[in-house]
Amino acid sequence: MAKELFNRYIWLVDTIKRYGRITRNELDHCWLRSQYSDGQKIPRRTFYNYRQAIMELFNLEIKCDPATYEYYIPEFEDRHSESVTNWLLNSAVVNDLVANSKEVADKIFIEDVPSAREFLAPVIDALRENNLVKFDYLPYYRTIRTSGVVLEPYFVKIFKQRWYVIGRVVAENKVKTYALDRMTDLHVLPEKFKTDPSFDPEDFFRHSFGIITGKGNPKRIALRTDPRQAKYFRALPLHASQEEIVHDNYSIFYYYMRLSADLVEEILSHGPRVTVLEPPELRAAIQTELSEALQNYDQHNK
């Protein structure tokens, strides 16, 4: 029953968002054509309850225009809230589609997110209640595990199918990032903490690509791409600061970001379709990586 209700909430939000503005009569007609109606219109009280539940689950308010009696979902006041809500809705829709497509399960291929299985739920609980968390940690670049890390969790972030928690390490009084899939023995502690009012999660990653914040100042970055790659960057920008200047046979994309290993890896992943024009230090870093890769191939060819 809970799953059925959740699917109805998703249907209602999706329908209103697709129409933009819709009257109650139009909504009833759509509802009658759906799998949820049983041949009945949405009762007034049920519709009210659905709107309340959607507000609590997705932070989406379904409003009614008193002049036209049309229902609509207002624009978000900030981009972050919009992106989180859209991600939740998209995930819910995809999960529902996959769950109801078992007869073609062998034809559906998805990416695994192992870091969400064990520790995402308790970390989010700790975020909600402002509880400390304690865990052991072993990053890929070390061989000795760090035991008993006590963290004030500030927020979580997903990047390339991995979940991370960012917060203040109590022993070091320093904000750090931890991958959930590299944790073991995580516990939510009963002790509470007060979030630093001067800490802004949006600002923390504002000038960063990926999960590495970097230590230097943001730089103006220029990437030259061929027309095909330009289409991908338009559809899925590398960063919120992205701007494009289109030329006859190429495009130049401009960004304002800190330089980091994550950014270098991303640029390299596009091969010859992307060329760094500036800054010089990023161009040099790409050239060094390419040169070392070629040397590895040369050595194996001997």
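**Buried residues, nonpolar cores and a pocket lining**

Thr-15 is buried, with a relative accessible area of 1%, in this predicted model. The residue belongs to helix α1, which spans residues 2-19, and, when neighbours within four places in sequence are left aside, Thr-15 is in contact with Ile-22, Leu-27 and Cys-30. Because buried means under 20% relative accessible area, the value of 1% places Thr-15 in the buried class.

In soluble globular proteins, nonpolar side chains tend to be buried together. In the present model, the largest nonpolar core has 45 residues, and those with the most contacts inside it are Phe-135, Tyr-178, Met-183, Leu-223, Tyr-255, Ile-267 and Leu-282. A second, separate core comprises 22 residues, among them Ile-22, Cys-30, Phe-58 and Leu-89. Within the largest core, the surroundings of Met-183 can be described further: not counting residues up to four places away in sequence, Met-183 touches Phe-119, Phe-135, Asp-136, Tyr-137, Val-165 and Tyr-178.

The second largest pocket holds about 960 Å³ of space. Its lining is made up of 27 residues, of which Tyr-141, Lys-176, Thr-177, Tyr-178 and Ile-211 are the closest to the pocket centre. Two or more lining residues come from each of the elements β5 (146-159), β6 (162-169), β7 (174-179) and α7 (201-204), and β7 gives the most, with six residues. By class, the lining of this pocket consists of 13 nonpolar, four polar and 10 charged residues. Tyr-178 is thus named both among the residues with the most contacts inside the largest nonpolar core and among those closest to the centre of the second largest pocket.

Key. Residues numbered from 1 in each chain as written. Predicted model: local features only at pLDDT ≥ 70, side-chain atom pairs only at ≥ 80, totals over all residues. Heavy atoms only, no water. Core = buried A, V, L, I, M, F, W, Y, C linked by side-chain atoms within 4.5 Å. Buried < 20%, exposed > 50% of the residue type's maximum accessible area, 1.4 Å probe, protein only. Contact = heavy atoms within 4.5 Å. 1 Å grid on protein atoms, 1.4 Å probe; cavity = no way out; pocket = protein on both sides within 12 Å on 5 of 7 lines; lining within 4 Å. Points joined across faces, edges and corners; volume = space filled by probe spheres on them. Helix = DSSP H or I, 4+ residues; strand = E, 2+ residues; numbered from the N terminus. Nonpolar A, V, L, I, M, F, W, Y, C, P; charged D, E, K, R; others polar.
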